[in-house]
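Student: I want to see how the labels follow from the cut-offs. Please show the structure and start with the terms.

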Amino acid sequence: MSTSTATAVAHANIALIKYWGKRNTALNLPATGSLSLTLDALTTTTRVAFDPALSADDIRLNDQAADGRAAQRISGFLDLLHSHFQPDAAPRTRAQVISHNNFPTAAGLASSASGFAALALAGSHALGANADEAQLSMLARRGSGSAARSIFGGIVEMAHGERDDGLDCIAHPLHAPDFWDLRVLIAITDAGVKKVSSTDGMQLTTDTSPFYPAWVSGAEADLAAARQAIAARDFDALAAVTEFSTLKMHASALAARPGVIYWNAATLAAMHAIRECRAAGTPVCFTMDAGPQVKAVCTAAAVDEVAGMLRALPGVVDVIVSGLGAAARLRPAGDSPAG
Ligand code: DP6
């Protein structure tokens, strides 16, 4: 028997309207919808090769053998793809998975979105399946909720869905990457590994935060406001709802027991500096995920000013600039995942 191999590339994304909390943990169904920008500058490239000669999955992330939880998550995801596409087949063939991020691993940036989007696409093709984007988004969600959005390019919305089986819990593109010339600047304020993962932080928030119900009940209105602001290319309106969503997400996490504090002093300094910049007329706003990095969203015309402002802040160790990126896609057979 021969190996079946496919290589795919997917971009990371940053949510303007956040996903934070699940309505079903087993199927990884989000409690709320979310809305994101796919980021051109941050990519994961993954090659999956099913090989009958292997007795166990061989998983290498950024040139290192994957350990414990990371390896289990990836093997479990390949099991899921196999049972989805070949439900009647014998136990699946083991695979070699080689995955590379083009962004610094130590940067504390989430790689699960681009990682599971690339794995869903490469893995399904290596299994001989030709899944459409909606199906890939639904599958990628099982790996990581935010990965469902990285299947698509540009500006993307993820539905929380109504169905118990999650079949309507998929993302779809709202606008192509060139719809609005936005930039995202990622200010790295701590290059260490995350202390509380998004999965754990949102679960603790769901279980213990008195603010969690308010967070969930406000999400639909935030999504509607963001959709409208984007359709009108109204930066001030988008800035208002973007900051509202991230601050509410963090407020709900801060009120968990024990409270989850993702920010450091430089995170706060960057938030204040971004607001001062906006007050002085520059179209820029902030958003933060489950970590201390600050993502500034601005128009292309403002990028040099915002980059200079962020780089000058004490505690900001690096700034990565990105435009909006394309959908996940296959790479020609034989392509190396490196780079
Ligand atoms: C704060 O997608 O990493 O980045 O589904 O448990 O893998 P799991 O969570 P994950 O959570 C992302 C949370 C967030 C906001 C967002 O991207 O919407």
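Tutor: Helices (H or I, at least four residues) and strands (E, at least two) are DSSP runs, numbered from the N terminus. This is a predicted model: local features need pLDDT of at least 70, side-chain atom pairs count only at pLDDT 80 or more, and totals for chains, interfaces and linings use all residues. Residues are numbered from 1 along each chain as its sequence is written, and side-chain values use heavy atoms, without hydrogens and water.

Student: Where does Asn 62 lie?

Tutor: In the loop between strand S5 (58-61) and strand S6 (64-65). Its phi is positive, about 50 degrees, although Asn 62 is not a glycine.

Student: Why is Asn 62 called buried?

Tutor: Buried means under 20% relative accessible area, exposed over 50%, partly exposed in between (1.4 Å probe, protein chains only). Asn 62 has 19%, so it counts as buried.

Student: What does Arg 233 count as at 44% relative accessibility?

Tutor: Partly exposed, because 44% falls between the two limits. Arg 233 sits in the loop between helix H6 (212-231) and H7. It too is not a glycine, and its phi is positive, about 45 degrees.

Student: How do you know that Arg 149 has no salt bridge?

Tutor: A salt bridge needs a side-chain nitrogen of Lys or Arg within 4 Å of a carboxyl oxygen of Asp or Glu. Lys and Arg count as positive, Asp and Glu as negative; His and the chain ends are not counted. The nearest side chain of opposite charge, Asp 289, is 6.5 Å away, so the cut-off is not met. Arg 149 is nevertheless buried.

Student: What joins the side chains of Arg 149 and Ser 34?

Tutor: A polar contact of 2.8 Å. The term means a pair of N or O atoms within 3.5 Å; within protein, one must be able to donate a hydrogen and the other to accept it, and residues adjacent in sequence count only if both atoms are side-chain atoms.

Student: What makes S11 and strand S12 (residues 294-299) a pair?

Tutor: Two strands pair if DSSP finds at least two bridges between them. Four bridges join S11 to S12, so they pair. They run antiparallel. Val 284 stands opposite Cys 298 in S12.

Student: What order do the four strands of the open sheet take?

Tutor: S11-S12-S10-S13, with antiparallel pairing. Why are S11 (284-287) and S13 (318-322) called edge strands? Each pairs on one side only.
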